[in-house]
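Student: Could you take me through one part of this model in detail? I would like to see how a single helix is packed and what goes on around it.

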Amino acid sequence: MSKHKALTGAIAALASVATLGALAAPALAADTTYSPNGKPVSELAKHGGAQRIATIGNKSAKNVVLFLGDGMGDSEITVARDYLKGANGHFEGLDAVGQLGALGDVQAGTGQYTTFSVGNGSKDSAVGKDGDGKLVANPNPGKLTPVTDSSASGSAWATGTKTYNNAVDVDIYGNPQLNLFELAKAAGKATGNVTTAEIQDATPAVLESHSSERACYGPQGKTDGTSNNASKQCLINQLKENGGIGSISEQLLDTRADVTIGGGSKYFRQTVQGGEYKGKTVWEQAKEMGFQTVENDPAAMNALQYKDGQPVLALMSDGNMPTKFNPSKATAKDSAKDANPTVCTPNADWLGNQGSSLKDMTKKALDLLNANPNGQKNGFFLQVEGVSIDKQDHAGNACGQIGETDDFDQAIAYAMQNVDLTNTLMIVTADHAHTSQILNAQPAYALSTVLKTADGNNMVVSYGTAQEDSRDTDGGYNGGDMEHGPLRSRWTASPKVPNIRSLSSAASPARP
């Protein structure tokens, strides 16, 4: 079994989520009063170049818990609050973080960051590919793009580097960027990654991998292992059979986080195509590398205990996890909806019914990290993502996104009551906003859902970008271009940065 090469050296800095970059409005013409006063693409593409505001606040936190609501803008929080709690209601987690009175902490507070990217896909990078996975480099990479996707946004807060939509922790030139897990490991901390998404999805992937293509899920691409579309989903230079660092799933094992809990188990049924584990499934590789593995078994997940040298890999569903509520459907304007508003109903397939809610998974991760000697001595970094706020917003599914927001809130509330906030930096934020909007009446121009709220009132939720024939649950790029979320404090550390591998055995394109 190959040994995982531990990162060495200490941290130069662990950038706060609140300090991502921003760029002012571009000049409309040379003779106008408008002029750009932010950083150019060449500066934003540098490691840490996205930082915009000097780090402030508590610099002595031992632990970090980052809660990430995918696509969770203020509108999405308000939709869920109004429906579940009433217009004057209160979330136990989301509405408490950042409130000085709620936490008794003078360093609690809120902040904002921008989420623009510097390319609308691989074609705007030096590591674009054709349909056969071969390199097609843009000679002038980088293009200011106001609407991000989750991979570019995630890469920005995970590395401090602005990049193109579709990228996972690589800059516009294809150079891998040091991420938060690599920094945490260099500081001797335990690491955990929890999500309701496929673990290969953008947000969890930015902590455990580097990829020019976000869809490069496994050695056979984005399949369940019965076929191989890797050349369609991956830059072929990255694949292990071509001397590269491998797919997102393979890199996840090499990164060797102490705790990984999420979905996407079917992609681990793929067969490794190159390297030491060629011919084995990714699940078999994980077992041979010493992981404690759980596949689609909530009871087994809850029974996990810390074992020295045996990190946890628990994947609880084939794909993204089922939502808490059954789906609702946004439709065209119809007076009948006002007379018969939608009431969300429980989803029998939700894994929370079997002890694998996001709160349950967060509890298990915290227990494992606190039992880890590195966690006890040096602290831990844990990320927790609620993914289907975004995915169901894309689908025009109000009940789906509301249930996911509720699940997310309960995980936050649990953590607030069960971590030591005197030595823990707890951040609650989003990777970008979205398009659901509360209106006073059904719009004629967009699809909408009329919901019966906890107050007993009708609430119209409109989806201005949804189309009857194109809605799906797989996400997309129509999220908003700005998000702001509650923040508790800031944490930095100190000196030298470890090196990380390039995407392939060949040299990555050099940054000019």
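Tutor: The buried residues of helix H8 are covered by elements that include helix H5 (180–186), helix H6 (202–208), strand S6, helix H9 (282–288) and strand S8 (312–315). Keep in mind that this is a predicted model. H8 itself spans residues 248–255, and eight of its eight residues are buried. They are not just aliphatic side chains: among them are Ser-249, Glu-250, Gln-251 and Asp-254, along with Ile-248, Leu-252 and Leu-253.

Now follow the chain out of the helix. Just after H8, Arg-256 adopts a positive phi of about 60 degrees. The charged end of Arg-256 sits over the ring of Phe-291, 5.1 Å from the ring's centre.

Next comes strand S6, residues 259–263, which holds Thr-260. Thr-260 counts as buried because its relative accessibility is 1%, below the 20% cut-off. Setting aside residues up to four places away in sequence, Thr-260 touches Leu-252, and also Asn-193, Ile-199, Glu-208, Val-312, Leu-313 and Ala-314.

Val-312 is a good place to continue, in strand S8. Val-312 is buried too, with a relative accessible area of 2%. Beyond its neighbours within four places in sequence, its contacts include Asp-258, Val-259 and Thr-260, as well as Phe-291, Gln-292, Leu-304 and Leu-368. Phe-291 thus appears twice in this picture, in contact with Val-312 and under the charged end of Arg-256. Val-312 and Ala-286 are 26 residues apart along the chain, and their C-alpha atoms are separated by 9.9 Å.

Two of the covering elements also lead to an aromatic pair or border a loop that holds one of its partners. The model has four aromatic pairs. In one of them, the rings of Phe-181 and Phe-381 have centres 5.9 Å apart and planes at 85 degrees, so they meet edge-to-face. Phe-181 belongs to helix H5 and Phe-381 to strand S9 (residues 380–386), so this pair links parts of the chain 200 residues apart. Phe-181 is buried at a relative accessible area of 0%, and Phe-381 counts as buried at 3%.

Another edge-to-face pair joins Tyr-217 and Tyr-267, with ring centres 4.8 Å apart and planes at 85 degrees. Tyr-217 lies in the loop between H6 and helix H7 (230–233), and Tyr-267 in the loop between S6 and H9, so the pair ties together parts 50 residues apart in sequence. Tyr-217 counts as buried at 3% relative accessibility, and Tyr-267 at 4%.

Technical notes. Residues are numbered from 1 along each chain as its sequence is written. This is a predicted model: local features need pLDDT of at least 70, side-chain atom pairs count only at pLDDT 80 or more; totals for chains, interfaces and linings use all residues. Side-chain values use heavy atoms; hydrogens and water are left out. Helices (H or I, at least four residues) and strands (E, at least two) are DSSP runs, numbered from the N terminus. Buried means under 20% relative accessible area, exposed over 50%, partly exposed in between (1.4 Å probe, protein chains only). Contact means heavy atoms within 4.5 Å. Rings of Phe, Tyr and Trp (its six-membered ring) pair if their centres lie within 6.5 Å; planes under 30 degrees apart count as stacked, over 60 as edge-to-face and the rest as tilted. A charge sits over a ring if NZ of Lys or CZ of Arg is within 6 Å of the ring centre and within 35 degrees of the ring normal.
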